[in-house]
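Subject: Handing over a structure, with notes

Dear colleague,

Please find below the structure that I promised to pass on to you. I would be glad if you read my notes with the sequence and the model open beside them.

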Amino acid sequence: MADTIFSGSGKGRNRYRAGDSSIQYKDIRHLVPKQLLRTETAGLPHLSESEVVRHFTSMARKNYGVDDGIYPLGSCTMKYNPKINERIAGHPSFLRIHPYQRESDVQGTLKVMFELGEMLKQITGLDAVSLQPSAGAHGEFAGLLMARKYYDLKGESRKLVIIPDSAHGTNFSSASMAGFEVIEVRSKRDGTIDLDLLQEIVGKHAADIALVMITNPNTLGIFERDILAISDLMHKNGSLQYYDGANLNAIIGAARPGDMGFDIVHLNLHKTFSAPHGGGGPGAGPVLVRDYLKGFLPLPVIGKEGERYYLDEDAENTIGRMKSFYGNFSVCLKAYCYLLSVGDRLKDISIDANLNANYLKKKLGRLFDIPYGKNTMHEFVMSARKYREQGGTALNIAKRLIDYGIHPPTVYFPAIVEEAMMVEPTETESIESLDKLVDTFKCIVKEIKTDSRLLEDAPSEAHVKRVDELRALKEPVLKES
Ligand SMILES: *Cc1c(COP(=O)(O)O)cnc(C)c1O
């Protein structure tokens with residue numbers, strides 16, 4: 001385990017201070033209300049500046065991120081994010097605004113949010129937006145709460161949500177959290193939704209079905225070609241259609257959820273729209289809806305009257321707030337900058353995302369089975385089942401990739417593929433980096449055949465060796481003893 005910053009601490013080491021001030025602590029003591037003054041010294045480590053810098057530099061080297069190399073984590077869209085957007089989001093004029101500032105003083109900020117919303121409306125083909133939710137799952141939850149309120153007001157007690165078995169786990173939990181019951185539908189052999197089965201379910205439960213949640217392309221990377229028929233079926237039944245738009249980079253600029261008949265959409269700004277993620281946030285999961293659901297959106301939404309922007313706090317049927325204040329503004333700002341810089345080349349994002357994934361699929365398909373390999377778009381799922389007996393499980397392969405300095409793909413998801421490895425290279429990788437990934441997989445497959453212990457002991461090069469994942473889940477120890 002790495003040393004903490006406290007282990008290097010020693011009295012007297014922090015003698016050097018940048019810009020030693022002529023104002024002494026005792027001089028300003030009386031300015032601080034008595035009850036706020038410390039009675040004991042803070043338990044800070046004693047280190048010199050150079051020791052602090054070295055500590056954090058060494059910590060940073062132990063990390064792996066998109067700035068180090070390819071990060072083909074399927075469904076997560078771990079892509080390179082232009083640094084200029086970080087610079088802008090870190091500008092003091094954005095950083096130092098206070099949430100209680102008067103509307104007239106933050107017109108520029110409101111304008112950014114308003115215009116981002118307008119762009120997202122255009123991109124999705126929906127009519128209204130709220131930037132409030134902080135993540136994909138949070139957006140799903142907001143969407144489902146809106147659906148619930150919509151039916152409540154109509155006096156309908158629809159309690160069922162249909163979700164395909166390939167869907168992201170958050171879909172199931174969001175539906176349950178919003179008080180719905182879930183019907184999981186089996187995918188067809190080609191990995192898409194089974195329309196006949198769906199018809200059967202609708203026939204059986206008709207007036208109980210609130211909505212269907214669909215990811216399109218789904219998590220196998222396959223576009224649901226029956227989407228218009230599904231939409232028809234749901235709407236004729238008086239049900240709503242929900243779009244999980246976490247991975248919009250698959251279709252952005254080329255197709256719109258609104259044109260596919262969806263009523264509610266969430267997007268992950270931290271996946272598709274250039275906000276880094278993976279360290280636990282912050283993220284943003286805006287929700288978009290059709291006109292007739294506008295009044296249900298979480299507040300505030302940003303309005304515009306003439307040249308003035310304002311916070312609209314009083315939609316009649318709103319589900320309320322999803323969090324304090326106005327959403328994760330800095331994430332929205334990065335997405336706004338990204339979209340402005342991409343401009344009318346939006347479609348290139350999805351073209352490149354699909355091209356990269358299909359290039360990899362073709363090459364890795366020679367090493368692994370790809371059970372649902374037809375018509376995949378931005379990602380695909382391959383199976384290591386033929387190597388399982390020899391020790392080449394998806395988990396062992398993933399751990400061995402770490403030894404080669406590459407972040408593993410998503411494993412064991414979706415559950416409908418055995419020994420699943422879900423690969424999403426994203427649009428920002430070069431052909432050289434894709435080839436390097438393929439070569440690494442080739443080396444590992446060779447090792448499975450010659451010396452599979454290398455896989456079973458992996459990672460041997462990383463700072464943290466193989467962890468007991470089950471125990472970590474059941475007895476998480478989040479601090480050093
Ligand atoms: C990532 C993801 C989500 C959840 O997004 P979070 O921001 O992690 O809550 C939902 N659906 C799909 C398809 C995803 O890839």
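The notes below go through a strand, the ligand, a small sheet and a few single residues.

Before anything else, please keep in mind that this is a predicted model, in which local features need pLDDT of at least 70 and side-chain atom pairs count only at pLDDT 80 or more, whereas totals for chains, interfaces and linings use all residues. Residues are numbered from 1 along each chain as its sequence is written, and side-chain values use heavy atoms, with hydrogens and water left out.

I begin with strand S5, residues 240-245, where helices (H or I, at least four residues) and strands (E, at least two) are DSSP runs numbered from the N terminus. Six of the six residues of S5 are buried, so the strand is largely enclosed by the rest of the structure; here buried means under 20% relative accessible area, exposed means over 50%, and partly exposed lies in between, with a 1.4 Å probe and protein chains only. Leu 240, Tyr 242 and Asp 244 point one way from S5, while Gln 241, Tyr 243 and Gly 245 point the other way, and all of them are buried.

Which strands pair with S5? Strand S4 (residues 209-214) runs parallel to S5 and is joined to it by four bridges, and strand S6 (residues 264-267) also pairs with S5 in the parallel sense over four bridges. Two strands are said to pair if DSSP finds at least two bridges between them. In general, strands of a sheet pair through backbone hydrogen bonds, either parallel or antiparallel. To find these pairings in the model, you can look for Val 212, whose bridge partner in S5 is Gln 241, and for Tyr 243, which stands opposite Val 265 in S6. Together with helix H9 (residues 227-236), S4 and S5 make a right-handed β-α-β unit, where right-handed means that, with the strands pointing away from the viewer, the path from the first strand over the helix to the second runs clockwise.

Asp 244 of S5 leads on to the ligand, since it is listed with Ser 75, Gly 136, His 270 and Lys 271 as the closest of the 13 residues that surround the ligand; a residue counts as near if one of its heavy atoms lies within 4 Å. Some of the contacts there are polar, a polar contact being a pair of N or O atoms within 3.5 Å, and within protein one atom must be able to donate a hydrogen and the other to accept it, while residues adjacent in sequence count only if both atoms are side-chain atoms. A backbone N or O atom of Ser 75 lies 2.6 Å from an oxygen atom of the ligand. From the side chains, an N or O atom of Lys 271 is 2.7 Å from an oxygen atom of the ligand, and an N or O atom of Asn 268 is 3.1 Å from an oxygen atom of the ligand. Taken alone the ligand exposes 380 Å², and the protein buries 87% of that, with accessible areas coming from the Shrake-Rupley method with a 1.4 Å probe, and with only the protein chains shown counting as cover for residues.

Helix H6 (136-154) and helix H10 (269-272) are the elements that give two or more residues to the shell around the ligand, and the largest share, three residues, comes from H6. The shell divides into three nonpolar, seven polar and three charged residues, where Ala, Val, Leu, Ile, Met, Phe, Trp, Tyr, Cys and Pro count as nonpolar, Asp, Glu, Lys and Arg as charged, and the others, Gly among them, as polar.

Elsewhere there is an open sheet of three strands in the order S10-S12-S11, with antiparallel pairing. Its edge strands are S10 (380-383) and S11 (410-411), each of which pairs on one side only. S10 and strand S12 (residues 420-423) run antiparallel and are joined by four bridges, and Met 382 has Met 421 in S12 as its bridge partner. In the loop between S12 and helix H14 (431-450) you will find Pro 425, which is buried, with a relative accessible area of 1%.

Finally, here are two serines to look up. Is Ser 130 buried or exposed? This residue of strand S1 (residues 128-130) counts as buried, at 1% relative accessibility. The side chain of Ser 130 has a polar atom 2.8 Å from the backbone oxygen of Pro 298 and also reaches the backbone nitrogen of Gln 132 at 3.3 Å. Ser 104, in the loop between helix H4 (92-95) and helix H5 (107-124), is exposed, with a relative accessible area of 54%. The C-alpha atoms of Ser 104 and Tyr 310 are separated by 8.5 Å, although the two residues are 206 residues apart along the chain.

With best wishes
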